[in-house]
Amino acid sequence: MISDRKLEHLLLCKHYDVQYKNKNSGFKDIELVHNALPEINKEEIDISTNVFGKKLESPLLITAITGGHPSAFKINKELAIAAESEKIGLGLGSQRAAIENPELSNTYEIARENAPNTLLIGNIGAPQIIGDSKNSKEFAQKAIDMIDADILAIHLNALQESIQPEGDVNATGYVNSIENIVEEIDVPIMVKETGTGIAFEEGKTLESAGVDFIDVAGAGGTSWAAVETYRAEDRYIGELFWDWGIPTAVTTAELSNSLDIPIISSGGIRSGLDAAKAIALGADAVGMALPILKEAFVGHDEIIKFINIFNDSLKIAMFLVGAKNLEELKNSNLIIKGDTKEWLVEREFNTKNYSRRN
Ligand code: FNR
């Protein structure tokens, strides 16, 4: 059952090491250039954003985690209370379980009940919208109505589907289906990966299909191959693909400099400093799942503390490069080194474009 699977995923993420082993997000290869004369007051740095059509006090999104199991009820409640009080965006986990079994709807509805004003992002999987377009539209609309979603995210998770025993591996017709949803649904559509990144070529395809936001969700943080390895009877395939994917710094750079729609950088973002680097690479917002889930297991105060430390670290990085708002941070100078540089140069992106921008 989907519901049992949701619980297993939560417990595995709580108790096991589910992150990439021999690959990292790439942010260690990014250096922001220190500004010894920042000429700004740190206390006045503004990290608010309107990129999603609602004013948020930080570019940090809690990206899709959970729902669909009674134990997810408490987690979504805690996350929603924190998102509302700190005025940040919250993504819910895949709503498929509740669309197929309405008894589980309360595990998602609890989020809107506790976050009446802030940005809530609904979530469905691309495999659920292929085929009959009327059914797909109804499916998407149910997800939106369940939580009065401001945005609907459609997730891509080919890696996980390949490794989980019950995986859905027919990925034909995704682009067409996404185009139909964009046309038929009247809230903005986000397409998000789940930890393996999106290359420039597919980013362009998604932009042409009309999607409003892309969350790259690159490699280097939570590995869905890892999560599914722990669930598999035979671990060979999961271990083989554990580190598959495009590192987050790479996928962020590939998309944010080639596309006109807003880009969310996520997958292995672990601090306000990582976030500053992602935004300087061109991202409009950043997302985190696993670290915030871990705080949610502990309690409400820990989530708030985590968000405050994140925001303050982001502001310190901005102070040190002399950026008083996110637009200025986007234009700050940075150096791309190591594997990230190698990857981007091989893909014919000019890494020098970042190094002396002002
Ligand atoms: C996820 N993620 C996810 N994404 C999605 O679009 N729908 C979903 O239902 C879920 N479910 C889910 C459950 C759990 C327990 C975790 C930890 C994650 C993926 C998530 O949104 C994110 O893209 C990746 O986890 C990478 O980010 P982090 O964890 O490295 O910050």
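**Close-ups of two pockets and a ligand**

**View 1. What lines the second largest pocket?** In this predicted model, the lining of the second largest pocket splits into 13 nonpolar, six polar and four charged residues. The pocket itself has a volume of about 420 Å³. Of its 23 lining residues, the ones closest to the centre are Leu-156, Ala-158, Tyr-174, Glu-193 and Glu-202. If you'd rather think in helices and strands, look for α6, α7 (174-184) and α8 (200-208), the elements that each give two or more residues to this lining.

**View 2. Now for the largest pocket.** Here the volume is about 770 Å³. A total of 43 residues line this pocket, and Ala-64, Ile-65, Gln-160, Thr-194 and Trp-224 sit closest to its centre. Five elements chip in two or more residues: α1 (2-15), β4 (120-125), α6 (158-163), β9 (285-288) and α13. Which of them gives the largest share of the lining? That's α1, with six residues. Sort the lining by class and you get 14 nonpolar, 20 polar and nine charged residues.

**View 3. The ligand at home.** So where does the ligand sit? The space it takes up is the largest pocket. There are 23 residues around the ligand, and Ala-64, Ile-65, Ser-94, Thr-222 and Arg-270 come nearest. You've already met Ala-64 and Ile-65, which are also among the residues closest to the centre of the largest pocket. The shell around the ligand is made up of ten nonpolar, ten polar and three charged residues. Helix α13 (residues 290-298) supplies the largest share of that shell, with three residues.

**View 4. Polar contacts, atom by atom.** Zoom in on Ile-65 again: one of its polar backbone atoms is 3.0 Å from a nitrogen atom of the ligand. Asn-123 uses its side chain instead, with an N or O atom there lying 2.9 Å from a ligand oxygen atom. His-155 joins in through its side chain too, where an N or O atom is 3.5 Å from a nitrogen atom of the ligand. How much of the ligand does the protein bury? Taken alone, the ligand exposes 610 Å², and the protein buries 96% of that.

Conventions
Residues are numbered from 1 along each chain as its sequence is written. This is a predicted model: local features need pLDDT of at least 70, side-chain atom pairs count only at pLDDT 80 or more; totals for chains, interfaces and linings use all residues. Side-chain values use heavy atoms; hydrogens and water are left out. A residue is near a molecule or strand if one of its heavy atoms lies within 4 Å of it. A polar contact is a pair of N or O atoms within 3.5 Å; within protein, one must be able to donate a hydrogen and the other to accept it, and residues adjacent in sequence count only if both atoms are side-chain atoms. Accessible areas come from the Shrake-Rupley method with a 1.4 Å probe; for residues, only the protein chains shown count as cover. On a 1 Å grid over the protein atoms alone, a cavity is a set of points where a 1.4 Å probe fits but cannot get out, and a pocket is an open set with protein on both sides within 12 Å along at least five of seven lines; lining residues have an atom within 4 Å of a point. A molecule sits in a cavity or pocket if more than half of its atoms lie within 2 Å of its grid points. Helices (H or I, at least four residues) and strands (E, at least two) are DSSP runs, numbered from the N terminus. Ala, Val, Leu, Ile, Met, Phe, Trp, Tyr, Cys and Pro count as nonpolar, Asp, Glu, Lys and Arg as charged, and the others, Gly among them, as polar. Grid points are joined across faces, edges and corners, and a volume is the space filled by probe spheres set on the points.
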